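Work through the exercises below with the sequence and the model side by side, and try each task before you read its solution.

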Amino acid sequence: MEPVKVGLLGLGTVGGGTVNVLQRNAEEISRRAGRGIIVSHASARDINKPRICKTDDIQLTETPIDVVSDPEVSIVVELIGGDTLARELVLKAIANGKHVVTANKALIAKHGNEIFSAAQKQGVMVAFEAAVAGGIPIIKAIREGLAGNQIEWLAGIINGTGNFILTEMRDKQRDFDSVLAEAQRLGYAEADPTFDVEGIDAAHKLTILASIAFGIPLQFEKVYTEGISKITGEDVDYASELGYTIKHLGLSRITDAGVELRVHPTLIPKRRLIANVDGVMNAVLVKGDAVGPTLYYGAGAGAEPTASAVVGDIVDVVRVLTSDPENRVPHLAFQPESLSDLSILPIDEVETAYYLRIAASDKAGVMANITTILADNGISIDSMLQKEHKSDEKAAIIIITHTTIEKNMNEAIAKINALEAVNGDVVRIRLEHLDAD
Ligand code: HSE
């Protein structure tokens with residue numbers, strides 16, 4: 001049988017890795033797929049640029065639409081990123097009857113509903129394993145492996161750059177900017193690194209995970225998103241003293257009131273496995289009603305880890321090329337007509353625990369005032385720590401609370417900020433126990 005021909009859009013880090021993996025493991029891949037798979041066409045912005053892969057047998061072009069329109073190409077692999085040109089090319093590929101594999105989380109999170117609907121009409125597949133957590137096959141795990149469960153919640157470290165920065169700040173007291181520059185050099189960071197540090201990249205990925213976990217349409221615009229740029233070494237140290245690690249988490253939970261969809265720095269008990277996922281590594285914790293908590297760990301970025309997911313998707317597509325479109329695994333895990341319209345909870349309605357750091361004058365009655373405000377707002381204290389700054393008679397008061405509704409905490413923080421003895425704004429970081437319940 002003729003090998004299946006793949007056209008790559010983009011020959012950068014992931015594109016180069018994909019060519020290398022397909023070439024190096026060609027025999028194993030063909031034994032798995034039942035056919036050979038070759039990259040026959042590829043587009044790049046500058047075809048003369050040095051590459052990490054050999055391109056001798058690939059027809060190169062600087063015009064991506066040529067790849068998408070070439071009748072020889074059966075599978076288009078979109079690796080150019082962004083959501084403008086990528087969207088046009090992917091929709092064109094679908095219109096041309098080609099299957100699509102993409103690593104583009106922004107594209108799927110923002111335009112996935114439109115893309116899947118177009119793909120369904122054309123009877124083609126759109127696979128996107130590489131869009132979330134790089135090499136970890138988390139889409140497949142939730143969509144297929146956990147298909148017998150009601151997913152209750154999931155929480156993930158899904159931005160390698162952010163995790164790398166927090167780890168280096170904690171372990172080596174390195175400053176934020178130098179660690180970010182290193183992540184950029186290593187090819188982990190997004191083209192616009194604010195996507196990493198402000199949580200946008202994680203929000204794209206969480207949008208996708210929540211859809212396949214709960215059978216809801218993709219709703220990127222409803223994700224509450226907070227990055228790591230305001231985390232200080234001081235908070236990392238106090239959290240550690242109290243038995244917690246600060247991680248940047250994407251978290252989605254189904255509740256009676258709706259679906260929580262939030263990305264923010266989070267204190268996690270140090271004893272949780274996920275609290276020990278360091279450096280550029282990613283991990284996703286998924287709680288199913290039948291299986292209990294399950295944890296998926298691996299490289300979340302980089303050429304070959306991401307290529308591993310891209311090639312896995314290509315093999316999947318090749319395996320079912322000739323199958324009836326109605327009998328394929330649905331794009332978002334649930335049959336399109338069975339997606340639910342569960343509402344996404346605004347952050348004010350979310351229930352979580354908190355770490356608070358309050359800078360206050362060290363004098364009688366301050367602590368009593370603060371604890372009274374918390375009590376008046378129905379917030380119960382779990383533990384407390386006071387650090388003296390003898391030189392300026394100021395104290396840092398650190399409070400860990402039990403869970404409460406975010407709007408109660410907002411009211412309490414506003415009142416604490418208004419106390420005369422309190423200096424500056426209260427620092428608030430959410431806290432999750434991530435236990436088996
Ligand atoms: N910038 C992303 C990260 C790349 O650091 O996780 C993988 O999506």
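**Exercise 1. Find which residues Phe214 touches, leaving out residues up to four places away in sequence, and decide whether Phe214 is buried or exposed.**

Solution. Begin with the contacts: in this predicted model, Phe214 touches Ile151, Glu152, Trp153, Ser252, Arg253, Ile254, Val259, Phe334 and Ser340, when residues up to four places away in sequence are not counted. Next, place the residue in its element, and you will see that Phe214 is found in helix H10, which covers residues 200–214. Then look at a distance across the fold: the C-alpha atoms of Phe214 and Gln150 are separated by 8.0 Å, although these two residues are 64 residues apart along the chain. Finally, turn to accessibility, where the cut-off for buried is under 20% relative accessible area. Phe214 has a relative accessible area of 8% and is therefore buried.

**Exercise 2. Describe how strand E10 pairs with strands E8, E9 and E17, and state how many residues of E10 are buried.**

Solution. Start with strand E9 (residues 244–255), which pairs with E10 in the antiparallel sense over 12 bridges. The two strands, E9 and E10, form a hairpin, with two residues between them. One bridge to locate in the model is that of Gly250, whose partner in E10 is Val263. Now move to strand E8 (residues 224–225), which runs parallel to E10 and is joined to E10 by two bridges. Here Thr225 has Val263 of E10 as its bridge partner, so that Val263 serves as a bridge partner both for Gly250 and for Thr225. Then follow E10 to strand E17 (residues 422–431), where two bridges join the strands and the direction is parallel; the bridge partner of Leu267 in E17 is Leu431. The last step is the count of buried residues: in E10 (residues 258–269), 12 of the 12 residues are buried, so the strand is largely enclosed by the rest of the structure.

**Exercise 3. Give the order of the strands in the six-stranded open sheet, and say which strands lie at its edges.**

Solution. Recall first that strands of a sheet pair through backbone hydrogen bonds, either parallel or antiparallel. In this open sheet the six strands follow the order E3-E2-E1-E4-E5-E6, and the pairing is parallel. The edge strands are E3 (59–61) and E6 (126–127), each of which pairs on one side only. Now walk inwards from E3: strand E2 (residues 37–43) pairs with E3 in the parallel sense over three bridges, with His41 opposite Gln59 and Ala42 opposite Leu60. On the next step, six bridges join E2 to strand E1 (residues 4–9), again with the strands running parallel, and Val6 stands opposite Val39. As for its cover, E2 has six of its seven residues buried.

**Exercise 4. Decide whether helices H4 and H5 are roughly parallel or antiparallel, and do the same for H13 and H14.**

Solution. Two packed helices are described by the angle between their axes and the distance between the axes. For H4 (residues 85–95) and H5 (residues 105–122), the angle is about 10 degrees and the axes are 9 Å apart. Angles under 35 degrees count as roughly parallel, and those over 145 as roughly antiparallel. H4 and H5 are therefore roughly parallel to each other. Their contact includes Val90, Leu91 and Ile94 among the residues of H4, and Ile115 and Ala118 among those of H5. By class, the contact of H4 with H5 has nine nonpolar, two polar and two charged residues.

For the second pair, the axes of H13 (residues 366–376) and H14 (residues 406–417) come within 9 Å and cross at roughly 155 degrees. H13 and H14 are therefore roughly antiparallel to each other. Where they meet, Ile370, Ile373 and Leu374 in H13 contact Ala412, Lys415 and Ile416 in H14. This contact has five nonpolar residues, no polar residues and one charged residue. As a last step, check the handedness of each crossing: H4 passes H5 in a right-handed crossing, and the crossing of H13 and H14 is right-handed.

Conventions. Residues numbered from 1 in each chain as written. Predicted model: local features only at pLDDT ≥ 70, side-chain atom pairs only at ≥ 80, totals over all residues. Heavy atoms only, no water. Axes fitted to C-alpha atoms, helices over the stretch in contact; angles between N-to-C directions. Helix = DSSP H or I, 4+ residues; strand = E, 2+ residues; numbered from the N terminus. Parallel < 35°, antiparallel > 145°, perpendicular 65-115°, else oblique. Left-handed = near helix turned anticlockwise from the far one by under 90°. Contact = heavy atoms within 4.5 Å. Nonpolar A, V, L, I, M, F, W, Y, C, P; charged D, E, K, R; others polar. Pairing = 2+ DSSP bridges. Buried < 20%, exposed > 50% of the residue type's maximum accessible area, 1.4 Å probe, protein only.
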